Amino acid sequence: MTTSRMRFALPLLVFALLVALLAVGLRLDPREVPSPLIGKPAPGFSLPQVAAAEQRLSLADLKGQVFLLNVWASWCLSCREEHPLLLELAKRGIVPIYGLNYKDERETAQAWLKRFGDPYRASAFDADGRIGIEWGVYGVPETFVVDKQGLIRYKQTGPITPEVLEKKILPLVRQLQEAA
Amino acid sequence: MIAELGHIALIMALLMALLQGTFPLLGAAQGVEVWMRVAKPAGRAQFLFLLVSFLCLAASFVTNDFSLEYVARNSNSALPLYYRIAAVWGAHEGSMLLWALILGLWTVAVTIFSRSLAEEFLARVLSIMGLVSVGILLFILFTSNPFERLVPAPNDGADLNPLLQDFGMTVHPPMLYMGYVGLSVAFSFAVAALLGGSLDSAWARWSRPWTLIAWVFLTCGITLGSWWAYYELGWGGWWFWDPVENASFMPWLVATALIHSLAVTEKRGAFKAWTVLLAIFAFSLSLLGTFLVRSGVLTSVHAFASDPARGLFILIFLAIVVGGSLLLYSLRAPGVRDVARYGFFSRENLLLLNNILLVTAAGSILLGTLYPLVLDALGLGKISVGPPYFSTVFAPLMAPIFLLAGIGAMFGWREAALDRIWRRVRYLLPLSYLVGIGLAAVAFEGSDFKTMAGLGTAVWLAASTLATLWNRVRLRGHWVAGLRAQSPSTYGMTVAHLGLAVFLTGVVLSGRFSEEKWVRMAPDDSVTLSGYTFRFFGTEKVTGPNFVAQEGKFRVEREGDGRELRPQKRSYRVQRNPMTEAAIDPGWWRDLYVALGEPMDNGAWSVRLYVKPFIRWVWCGGLLMIAGGLLAASDRRYRLSVRRIALAPERSVATKPA
């Protein structure tokens with residue numbers, strides 16, 4: 001190829017570089033937004049449960065164990081995506097999962113659990129999203145890993161994928177469970 | 001039911017786009033006329049199906065069909081009808097559908113205004129537009145279907161993002177998309193010309209009005225976006241160098257370069273390969289803009305929707321469209337011969353300089369926008385490049401443009417007589433700067449060197465633009481006859497360049513003399529800023545259709561002349577995020593701007609007060625550029641030229657380059 005022809009191929013080469021860069025950029029996880037709450041005590045709450053308004057679920061009840069707090073809502077489509085995974089995880093019984101039902105209505109939330117299955121030990125009913133705000137929720141679903149001391153150790157923004165579950169969440173849970 | 005109809009119509013549109021994208025192209029290659037004739041009906045049918053699909057989605061919004069996930073996420077039964085319709089393009093899925101619909105609209109426009117274009121060329125153009133449409137429609141159907149159902153349906157929706165519940169933001173996306181997508185016409189012409197080997201001045205003349213109209217829409221979209229950011233975000237700025245703003249600004253810069261270089265290609269048959277490359281770049285940057293906004297690669301205040309799966313799809317699409325056209329360019333462009341000869345001091349070279357500056361500016365914005373991504377990709381951490389970088393890089397690139405835009409048209413084609421030009425401007429140049437500097441020194445206290453230089457340049461730009469017009473008018477003897485004899489394109493250029501001067505004035509003066517104060521104000525407090533006394537009377541609760549607000553009452557006075565301003569702090573019932581609704585008293589010479597911050601004790605508020613001189617001029621400059629573009633596009637020459645293309649398809653591309 002002569003140099004003059006190379007000149008005309010230059011835009012193509014530059015563009016190829018750009019595409020490579022963007023491809024790498026895509027693989028960086030934009031959901032990996034560092035949460036300021038990592039390593040901090042989980043914000044306390046005491047809320048009525050989804051199943052029955054007269055029963056309450058509070059953070060104090062959960063202390064002393066490693067658990068997952070999954071933020072969900074019946075109007076959230078991505079929650080359905082991760083739901084089978086949560087059901088499976090609940091069956092395996094490795095770690096208890098609690099739900100935070102976010103900006104939802106009680107009946108639709110109950111109907112949703114009936115229809116798709118209920119992986120949660122219990123779900124707190126956060127109708128106005130107040131507790132969600134304190135936990136720094138900015139999209140549903142989100143999942144938090146809380147350790148025995150009540151510190152938030154991990155936050156997954158968006159649906160849990162099998163990969164994230166096996167490679168990040170479960171190893172972390174095991175490690176936290178073994179710790180004193 | 002309506003939604004399913006819309007979904008089916010969308011699939012039908014895809015099938016039409018496939019027809020439109022394949023048969024005419026093959027027909028043009030093989031010389032099968034029947035295949036080529038598929039292009040027009042397929043293009044029109046595609047548009048009709050897209051329209052049906054779009055109307056179905058709109059109907060779902062109007063009837064509050066929350067069983068659609070997209071409707072449930074972006075609307076609410078309390079949302080006023082006007083915003084329910086605007087909510088159709090309030091988020092990702094719907095705005096992509098709008099993108100596709102607008103592409104269909106441009107396609108139909110091409111089928112209508114091309115009656116006498118060579119069949120083969122038209123077939124190629126429409127085919128390429130069809131292929132672009134195939135990509136977009138696949139993207140919508142597979143990753144962003146707005147007709148997805150939600151079972152069980154929620155009782156009510158999550159409401160439209162309050163930031164978007166505003167007039168400016170409802171018309172901004174359609175305008176911007178008209179511009180983005182309109183550049184696909186110039187792109188398709190360029191690629192069709194490369195494919196067919198008809199890269200000639202007729203091709204350039206044909207592309208010009210389309211490029212101009214797309215550029216007008218793009219200018220309009222950007223101006224609206226800037227105006228919206230000013231009054232809605234409550235920060236009082238008009239441009240933030242935000243990645244999403246940059247994404248619209250880059251195609252604008254390249255399209256501006258394209259308009260100028262098309263002139264050279266049409267009039268002089270020069271810069272052919274370069275013009276084609278610009279046409280490819282302009283549309284590529286539009287697609288890149290879509291990619292950056294939609295993929296979540298860059299986070300930004302504007303990123304209302306982002307999803308990596310979508311990003312990958314758009315990236316592949318981008319690679320095919322842009323990579324394919326650049327590959328074609330690298331194969332065909334070496335055979336293009338520029339026949340024109342021109343001297344060093346010629347309009348050709350000045351326009352080349354204009355092109356280099358504009359493209360460099362676009363390139364530096366691209367660099368600044370992607371630089372944080374590069375660092376992140378190399379694992380060097382997350383950083384953001386802000387206004388300091390852009391302002392530093394931008395000013396020196398723009399300065400020569402402002403200096404030369406006015407006198408550029410005084411330079412003749414081929415070879416300019418420098419001494420004659422010098423005779424015309426030798427008094428004007430120092431005079432303009434004297435006026436500018438004088439104004440800065442006398443009328444505005446505290447002018448620094450930058451203000452004087454900026455204002456002087458603005459005056460010079462306006463004066464030299466008018467002098468250029470005057471020189472042409474004078475040739476006709478009497479000035480009335482002279483004014484009549486000028487073509488709409490000459491007026492278009494004059495008005496657009498004056499717009500640039502007005503814009504520059506706004507930027508310089510509002511940048512230097514804007515005053516702001518963040519203060520705590522209790523009821524009956526007053527604060528003085530730039531000679532204006534702002535007096536606060538406290539707030540009261542007001543209720544809107546889907547929000548409640550605290551409305552503050554202010555009285556602003558200066559020398560007995562007073563007016564009332566009522567800014568609001570709104571809380572939308574469903575989304576619950578607080579929104580600042582600034583109160584603005586607009587004026588030719590200054591804006592008064594009050595925004596409520598946070599409530600404090602005893603009825604006091606933190607309040608932001610701004611006095612912004614000449615800020616309107618920024619957008620007025622944009623409006624003048626729009627007017628100029630429209631004037632230029634209305635030139636009769638473009639309508640006459642159509643027939644000539646059909647008659648004389650001269651060939652200037654050798655199919656086998658040496």
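**Exercise 1. Which residue in β9(B) stands opposite B:A583? Place the pair in its sheet.**

Step 1. B:A583 stands opposite B:V594 in β9(B). The model is predicted; local features need pLDDT of at least 70, side-chain atom pairs count only at pLDDT 80 or more, and totals for chains, interfaces and linings use all residues. Residues are numbered from 1 along each chain as its sequence is written, while chains are lettered from A and ligands numbered from 1 in the order in which they are written.

Step 2. Fix the terms. Strands (E, at least two residues) and helices (H or I, at least four) are DSSP runs, numbered from the N terminus. Two strands pair if DSSP finds at least two bridges between them.

Step 3. Count the bridges. β8(B) and β9 (residues 590-599) of chain B run antiparallel and are joined by three bridges.

Step 4. Widen the view. The order β1-β10-β9-β8 (chain B) makes an open sheet of four strands, paired antiparallel. β1 (515-521) and β8 (583-585) of chain B each have a single partner strand, so one side of each has no neighbour in the sheet. From one strand to the next, the twist averages 15 degrees. Angles here run from 0 to 180 degrees between N-to-C directions, with axes as lines fitted to C-alpha atoms, for helices over the stretch in contact.

**Exercise 2. How many bridges pair β9(B) with β10(B)? Follow β10(B) to its partners.**

Step 1. Eight bridges pair β9(B) and β10(B), in the antiparallel sense. In β10(B), B:Y610 is the bridge partner of B:Y593.

Step 2. Look at the hairpin. Five residues lie between the strands β9(B) and β10(B), and B:N602 takes a positive phi near 55 degrees there.

Step 3. Turn to the other partner. Seven bridges link β1(B) and β10(B), again antiparallel. B:K517 stands opposite B:L609 in β10(B).

Step 4. Check burial. A residue is buried if 20 or more other C-beta atoms lie within 10 Å of its own, exposed if 12 or fewer, and partly exposed in between; C-beta atoms are placed from the backbone. In β10 (residues 605-613) of chain B, eight of nine residues are buried.

**Exercise 3. What span does α3(B) reach from its first C-alpha to its last? Check the helix against its expected span.**

Step 1. The rule is 1.5 Å times one less than the number of residues.

Step 2. α3(B) has 24 residues and reaches 34 Å, close to the expected 34 Å.

Step 3. Look past the end. Just after α3(B), B:N64 has a positive phi of about 55 degrees.

Step 4. Add the confidence. pLDDT is the predictor's confidence in each residue, from 0 to 100. Among the elements of chain B, α3 (residues 39-62) has the highest mean pLDDT, 96, and α21 (residues 636-647) the lowest, 55. Over residues 641-658 of chain B, pLDDT is below 50; this stretch has 34 contacts in the model beyond near neighbours in sequence. Two residues are in contact if their C-beta atoms, placed from the backbone, lie within 7 Å.

**Exercise 4. Which strands and helices build each chain, and how many? Describe both chains.**

Step 1. Chain B has 21 helices and ten strands. Chain A has six helices and seven strands.

Step 2. Compare burial. Buried residues make up 53% of the 658 residues in chain B and 36% of the 180 in chain A.

Step 3. Close with confidence. Chain B has a mean pLDDT of 85, and 91% of its residues reach 70 or more. For the complex, the predictor gives an ipTM of 0.71 and a pTM of 0.80.
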